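Thanks for letting me look over this one with you. Here are my notes, point by point, to read with the model open beside you.

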Amino acid sequence: MKGLKLFCLILILVIMILGGWFHQAGLTVEYTVLNGSYYSEMLAESGLIGELHSKIQREVAGEIAEQVPREAALLISEAIFSVFNVDWLEDQLIMVIEDWLRFMKGEQQDFKAVIELEAKKAELEARLNRLVSILPERVMAEAGIESGMEAQFAAGIMEEMDLPDQIRLDELLSEEEMIYDLAEFSRSVQQFRFFYIYLPFAVYILLLIFNLLLAGWAGGLKWFGSGFIASGITFLAGMQLTSFALASPVASSQSTEEAAFAEAIIAAASYTAARASMIPVIYTLAGLFFLVIGLLSGFIISRRTGEGQF
């Protein structure tokens, strides 16, 4: 009979470890991917937006350099990205992410984010006009800009960019035929959230009761706490290995020219791992709490009865 109880306790321990991985994975997603503060803090910690902004600017300057002299291309790209600067890019990205999160959680039925560009377009055209007017004559000649044609050149750049007055996220996604897939994904996320937010607590209460019935008060608490500790430690170890395995290839794939961007990716991954690690740490601490209570209870019971427990 004692062997059967031990088998059942080990089986419950395995269920707690495996079920704990699922629960911690869900809570990790909730604390990172589905948490608005995660994005703002991760971007601030890693400097990823600044490096992304610089990377885009280099690529745009390279494209412009195919049409005008490189010196002029660099000045034009600098003008563009001084208007659409890092702070503006981060604000728009956070706004879109928050809108996406509300949609994913079912707090709204469609996307409402709108990126306003009309004022930015006017600011950019004015800046391009000023820039072209102060270009050295040599650069203007190389770019094919005749005297008195500066405004037309700036207008041509604006026409080439073809920026709308606003970008509506719902319209953009509808054009790309992604809206239906995202709606389906949103429903899956909401169902998943129910399972990892509410269901595990009912299961844990049931498993705790089984442990107490099989191993007594002190023994049941010790087995229950051990399940939490084992699940938390193994999940944390797996998370750290996964973070390292994913970040290193991404960083190594970047060229020397983009080393700073690679470092920003690593910093973002490190921050994500550090934030996510709070979940298994809390899990492990909860297990230690139950284990300590079980050990103290077992000590008190053994002093009174002289009998040990599992």
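**Notes on salt bridges, helix 2, cores and rings**

1. Let me begin with D110, which is partly exposed at a relative accessible area of 39%; here buried means under 20% relative accessible area, exposed over 50% and partly exposed in between, using a 1.4 Å probe and protein chains only. D110 forms a salt bridge with K112, with the closest N and O atoms 3.2 Å apart. A salt bridge is a side-chain nitrogen of Lys or Arg within 4 Å of a carboxyl oxygen of Asp or Glu. The partner K112 counts as exposed, at 52% relative accessibility.

2. Before going further, a word on the basis of all this. This is a predicted model, in which local features need pLDDT of at least 70 and side-chain atom pairs count only at pLDDT 80 or more, while totals for chains, interfaces and linings use all residues. Residues are numbered from 1 along each chain as its sequence is written, and side-chain values use heavy atoms, leaving out hydrogens and water.

3. How many salt bridges does a search of the whole structure find? The search gives 11. Another of them joins the side chains of D170 and R168, at 3.5 Å from N to O. R168 is partly exposed, with a relative accessible area of 30%. There is also a network, in which salt bridges that share partners join K120, E123 and R127.

4. The salt bridge I would show a colleague is the one between E41 and R275, whose closest N and O atoms are 2.9 Å apart. E41 lies in helix 2 and R275 in helix 12, so this pair ties together parts that are 234 residues apart in sequence. Helices here are DSSP runs (H or I, at least four residues), numbered from the N terminus. Are the two partners buried or exposed? E41 counts as partly exposed at 35% relative accessibility, whereas R275 is buried, with a relative accessible area of 8%. R275 also lies over the face of Y31, at 4.2 Å from the ring centre; the criterion is NZ of Lys or CZ of Arg within 6 Å of the ring centre and within 35 degrees of the ring normal.

5. Helix 2 itself deserves a closer look. Within this helix (residues 36–46), the buried residues are Y38, Y39, M42, L43 and S46. Seen down the helix axis, they fall within an arc of 120°, so they line one face of helix 2; the arc is taken from the directions from the helix axis to the C-beta atoms. An α-helix has 3.6 residues a turn, so residues three or four places apart point the same way. The face turned away from the buried side carries the exposed residues A44 and E45. After helix 2 comes G47, with a positive phi near 70°.

6. What do the buried residues of helix 2 pack against? They pack against helix 1 (2–31), helix 3 (48–64), helix 5 (86–104) and helix 12 (259–276). M42 gives a residue-level view: leaving aside neighbours within four places in sequence, M42 is in contact (heavy atoms within 4.5 Å) with L48, A268, Y271 and T272.

7. M42 turns up again in the largest nonpolar core, which has 25 residues; M42, L48 and F111 have the most contacts inside it. Such a core is a set of buried Ala, Val, Leu, Ile, Met, Phe, Trp, Tyr and Cys residues joined through side-chain atoms within 4.5 Å. Helix 2, helix 3, helix 5, helix 9 (169–175), helix 10 (179–197) and helix 12 each give two or more residues to this core. Apart from it lies another core of 24 residues, among them V68, L117, L128 and F153.

8. Helix 10 also holds R193, which counts as buried at 18% relative accessibility. Its contacts, leaving aside neighbours within four places in sequence, are E30, L34, K105 and Y198.

9. Finally, the rings: the structure holds 14 aromatic pairs. Rings of Phe, Tyr and Trp (its six-membered ring) pair if their centres lie within 6.5 Å, and planes under 30 degrees apart count as stacked, over 60 as edge-to-face and the rest as tilted. The ring centres of Y204 and F228 are 4.9 Å apart and their planes are at 45°, so this pair is tilted. Both Y204 and F228 are buried. F228 also forms a stacked pair with F290, at 6.1 Å centre to centre and 20° between the planes. That second pair links helix 11 (residues 199–252), which holds F228, to helix 13 (residues 278–305), which holds F290, across 62 residues. F290 is partly exposed, with a relative accessible area of 21%.
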